[in-house]
Amino acid sequence: MKDITDHLLHQDESFRDRLTTVDEKGKRKWVYPKKPSGDFTRYRHWFSAILLIFLFAGPFIKINGYPLLLINILERKFVILGNVFWPQDMYIFVLMLLAGVVFIILFTVVYGRLFCGWACPQTIFMEMVFRKIEYLIEGDYMQQKALDKMPWNREKILKKGTKYAVFYAISLLIANTFLAYIIGIEELYKIVTEPVSQHLAGFTAMLIFSGVFYTVFAYFREQICTVVCPYGRLQGVLLDKNSVVITYDEVRGEPRGKMRKNEERTLGDCIDCMQCVHVCPTGIDIRNGTQLECINCTACIDACDSIMDKIGKPRGLVRYASRNEIEQGRYPDAEKPKRFTARMAAYSVVLLALLGIIGGFLFTRGMIGVRVMRAQGTLFQKNENGNITNLYNIKIINKSHDALPVQIRLLEPQGKIRLVGDALTVPAEGLADGAFFIELDKSQLTGMKTPVKIGIYNANDELLETAKTSFMGPM
């Protein structure tokens with residue numbers, strides 16, 4: 001036990017001073033991960049396949065004739081699960097964003113970077129799509145290294161050209177899919193089938209998106225996780241000793257050393273085979289502990305488990321575990337680690353509260369949005385009968401899927417409303433503008449500005465929404 005403790009105290013921490021993919025001169029070190037295999041890799045294959053099918057099928061899925069998800073920033077129109085949201089519903093999006101942040105924090109506190117390894121689009125596309133194609137065309141990591149060192153001959157040009165052509169084709173497919181989530185599948189179909197001159201902006205966006213995806217997956221790769229994405233850097237403040245991460249059990253493994261035939265083993269279970277390092281897509285050594293580059297992809301678990309099977313040792317030298325669970329093995333008399341701490345409970349309460357508020361807003365969200373304003377540059381007018389009139393502009397947004405005939409009525413105080421022009425009908429998911437006069441008797445006025453309340457009714461005489469404004473009168 002003393003040897004293990006001494007090893008941990010004197011462990012070289014200089015690796016934390018630099019990224020594993022950058023050398024001392026600041027030059028990029030290309031990572032050639034070995035092709036992983038094992039139980040976790042197989043589970044990730046199935047899970048990734050489900051997510052990819054859902055992603056590419058999403059634009060074609062309709063609910064009540066509307067997309068499953070649409071984020072149309074240009075028209076400021078958003079559709080989630082067939083429900084249309086407009087800028088007037090932005091407060092709901094803010095709450096959803098807050099709930100998402102709290103969920104990420106809670107999930108990370110409990111399960112570390114499980115999302116990065118299993119559900120992050122960057123990881124899924126890189127490891128489960130582009131890396132697979134690379135293995136298929138160029139071979140495993142040793143063959144890829146040899147190919148890159150090879151002079152440009154027919155074999156290298158053929159393999160590299162084929163790989164990058166397939167990479168760009170897939171990047172174009174991904175770009176079209178993401179574009180469909182922004183402008184809708186119908187508009188995307190027009191861009192693809194109609195002449196480029198009619199959709200120059202859309203075609204340009206498609207090329208830009210595909211170029212970005214191609215650059216990321218062909219060249220930038222793991223640098224997205226270690227340089228661009230802030231999630232890894234948040235580990236330092238989100239993880240604690242109860243967080244479940246992929247970790248190396250140094251209690252079992254140290255002191256490490258090579259295994260020799262017919263020699264009685266006095267060292268730890270780690271035989272220093274480096275297989276966990278060879279399979280890592282970010283090039284780290286998991287035995288150094290939790291690092292910001294680690295995306296919890298489980299490749300090191302499968303690699304280590306396969307070695308443990310070969311040397312007759314139990315699996316789990318590298319596994320999902322918390323720091324406290326590892327230390328529990330080091331100190332058998334230590335208190336059993338808590339899986340659900342006060343910190344987790346606090347985040348859970350905040351998350352449930354936000355979800356409850358969001359649910360309440362969604363449940364009570366009206367079918368329409370109304371904005372009433374006095375016409376700019378106008379004063380009150382006196383009628384022949386002595387009553388006072390004000391001119392107003394009204395803007396009505398229809399959030400429903402059907403055209404909506406509406407009526408405008410004055411609720412408070414007593415008076416009359418005279419609509420300018422024809423009756424208002426708001427198109428489905430559309431906007432309608434109108435103007436109307438409010439006429440009040442002098443006896444209803446409470447000063448220069450009298451508060452008034454207006455009701456918007458549908459054809460069935462149901463009150464849909466109310467709006468408040470002020471009525472200007474003489475002193």
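Let me begin with one side chain, that of Glu 439, which is joined to the side chain of Asn 387 by a polar contact of 2.9 Å. I should say straight away that we are looking at a predicted model. The side chain of Glu 439 makes another polar contact, at 3.5 Å, with the side chain of Asn 383. Glu 439 belongs to strand E14, and with a relative accessible area of 10% Glu 439 is buried. If we set aside the neighbours within four places in sequence, the residues in contact with Glu 439 are Asn 383, Asn 385, Asn 387, Ile 388, Thr 389, Gly 415, Lys 416 and Arg 418.

Let me stay with strand E14 and turn to the nonpolar residues. The largest nonpolar core has 23 residues, and those that touch the most other members are Ile 394, Ile 396, Phe 436, Ile 438, Ile 454, Ile 456 and Phe 471. Which elements give two or more residues to this core? They are strands E8 (368-374), E10 (388-398), E11, E13, E14 (431-440), E15 (449-457) and E16. To take one of these core residues in detail, Phe 436 touches, beyond the residues up to four places away in sequence, a set of partners that includes Val 372, Leu 391, Ile 394, Ile 408, Ile 417, Val 420 and Ile 454, and also Asn 390 and Arg 418. A second core, separate from this one, has 20 residues, among them Leu 52, Val 129, Phe 167 and Ile 170.

Now for the sheet. Four strands make up an open sheet with antiparallel pairing, and their order is E13-E11-E15-E16. Strand E13 (424-426) and strand E16 (463-472) are at the edges and have a single partner strand each, so one side of each of them has no neighbour in the sheet. From one strand to the next, the twist averages 35 degrees. Strand E11, which covers residues 404-412, runs antiparallel to E13 and is joined to E13 by three bridges, and here Pro 405 is found opposite Thr 425 of E13.

Let me finish with the charged pairs, of which the model has 22 that count as salt bridges. In the first example I would like to show, Glu 155 and Lys 159 form a salt bridge whose closest N and O atoms are 3.1 Å apart. Both residues lie in helix H7 (residues 154-183), and because they are four residues apart there, about one helical turn separates them. Glu 155 is partly exposed at 37% relative accessible area, and Lys 159 is partly exposed at 24%.

A further pair is Lys 241 with Glu 327, where the closest N and O atoms of the salt bridge are 3.4 Å apart. Lys 241 is in the loop between helix H11 (231-238) and strand E6 (245-248), while Glu 327 is in helix H15 (residues 323-330), so this pair ties together parts of the chain that are 86 residues apart in sequence. What is the exposure of each partner? Lys 241 counts as partly exposed, at 44% relative accessibility, whereas Glu 327, with a relative accessible area of 19%, is buried, since the cut-off for buried is under 20%.

In the salt bridge between Arg 256 and Glu 254, the closest N and O atoms are 3.0 Å apart; Arg 256 is partly exposed, at 25%, and Glu 254 is buried, at 5%. Finally, shared partners link salt bridges into one network made up of Glu 134, Glu 138, Asp 148, Lys 160, Lys 163 and Arg 221.

Technical notes: Residues are numbered from 1 along each chain as its sequence is written. This is a predicted model: local features need pLDDT of at least 70, side-chain atom pairs count only at pLDDT 80 or more; totals for chains, interfaces and linings use all residues. Side-chain values use heavy atoms; hydrogens and water are left out. Two strands pair if DSSP finds at least two bridges between them. Axes are lines fitted to C-alpha atoms, for helices over the stretch in contact, and angles run from 0 to 180 degrees between N-to-C directions. A nonpolar core is a set of buried Ala, Val, Leu, Ile, Met, Phe, Trp, Tyr and Cys residues joined through side-chain atoms within 4.5 Å. Buried means under 20% relative accessible area, exposed over 50%, partly exposed in between (1.4 Å probe, protein chains only). Contact means heavy atoms within 4.5 Å. A salt bridge is a side-chain nitrogen of Lys or Arg within 4 Å of a carboxyl oxygen of Asp or Glu. A polar contact is a pair of N or O atoms within 3.5 Å; within protein, one must be able to donate a hydrogen and the other to accept it, and residues adjacent in sequence count only if both atoms are side-chain atoms.
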